[in-house]
Amino acid sequence: MLLKKQLDLIAKDSVIKVIPYGSITKLQSGIELSDMENMAKDVIAFSDDGRLAYCVNELKSSISVFRYNNGELTYVDTYKALPVDYNALNTAAAVRVDKGYVYVSNRGHNSIVSFKINGEKLESPEFFSCEGK
């Protein structure tokens, strides 16, 4: 219902085409919300010890780090998931944590970036091409 109300306001008042919540709607259409429960496994991952959470910021192509304690998240920092010289369209898609590294996939740049976990910081981003597949 909320999405329909927002779409109606956009249709009435906007002078450019706006697709609200494009990244969380089916086929990025802005019409029907995706199954958020099934998306959760792709947008947040926890450190091996469970004390840190890594949340992918799809539209900003970045990854945010949070401390996790007793069900509360405390913001630590955000890191770009793209090379500094990349300026084309991209969305970050999923995040995984494995053996001291955080991995984020990029749609557009067609890559996976790995960050080395150093305490609460992410370091040494390395980019691996997926060749658009």
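## Pairing of strands 6 and 7

Two strands are taken to pair if DSSP finds at least two bridges between them. In this predicted model, strand 6 and strand 7 meet that criterion, pairing in the antiparallel sense over six bridges. One position within this pairing can be named: valine 102 has phenylalanine 115, in strand 7, as its bridge partner.

## The two open sheets

Strands of a sheet pair through backbone hydrogen bonds, either parallel or antiparallel. One open sheet of the model contains four strands in the order 5-6-7-8, with antiparallel pairing. Strand 5 and strand 8 (121–129) are its edge strands, each pairing on one side only. On average, and with direction ignored, neighbouring strands of this sheet are turned by 20 degrees against each other.

Another open sheet is formed by four strands in the order 1-2-3-4, and its pairing is antiparallel. Its edges are strand 1 (44–46) and strand 4 (72–80), each of which pairs on one side only. Here the average turn between neighbouring strands is 25 degrees, direction ignored. Within this sheet, strand 2 and strand 3 run antiparallel and are joined by six bridges. Tyrosine 54 stands opposite valine 65 of strand 3.

## The largest nonpolar core

In soluble globular proteins, nonpolar side chains tend to be buried together. The largest nonpolar core of the model has 16 residues, of which Tyr54, Ile63, Val95, Val102, Val104, Phe115 and Leu122 touch the most other members. At least two residues of this core come from each of strand 2 (52–57), strand 3 (62–69), strand 5 (91–98), strand 6 (101–107) and strand 7. The bridge partners valine 102 and phenylalanine 115 are both among the residues that touch the most other core members.

## Surroundings of serine 114

Serine 114 belongs to strand 7 (residues 111–118). Its relative accessible area is 4%, so serine 114 counts as buried, the cut-off being under 20%. Apart from neighbours within four places in sequence, the residues in contact with serine 114 are Val102, Tyr103, Ser124, Pro125, Glu126 and Phe128. One of these contacts, Val102, also appears among the core residues listed above.

## Cysteines

No disulfides are found in a search of the whole structure. Cysteine 55 has a relative accessibility of 23% and is therefore classed as partly exposed. Cysteine 130 is likewise partly exposed, with a relative accessible area of 26%. Both assignments follow because partly exposed covers the range between the buried limit of 20% and the exposed limit of 50%.

Key. Residues numbered from 1 in each chain as written. Predicted model: local features only at pLDDT ≥ 70, side-chain atom pairs only at ≥ 80, totals over all residues. Heavy atoms only, no water. Buried < 20%, exposed > 50% of the residue type's maximum accessible area, 1.4 Å probe, protein only. Contact = heavy atoms within 4.5 Å. Core = buried A, V, L, I, M, F, W, Y, C linked by side-chain atoms within 4.5 Å. Disulfide = S-S within 2.5 Å. Axes fitted to C-alpha atoms, helices over the stretch in contact; angles between N-to-C directions.
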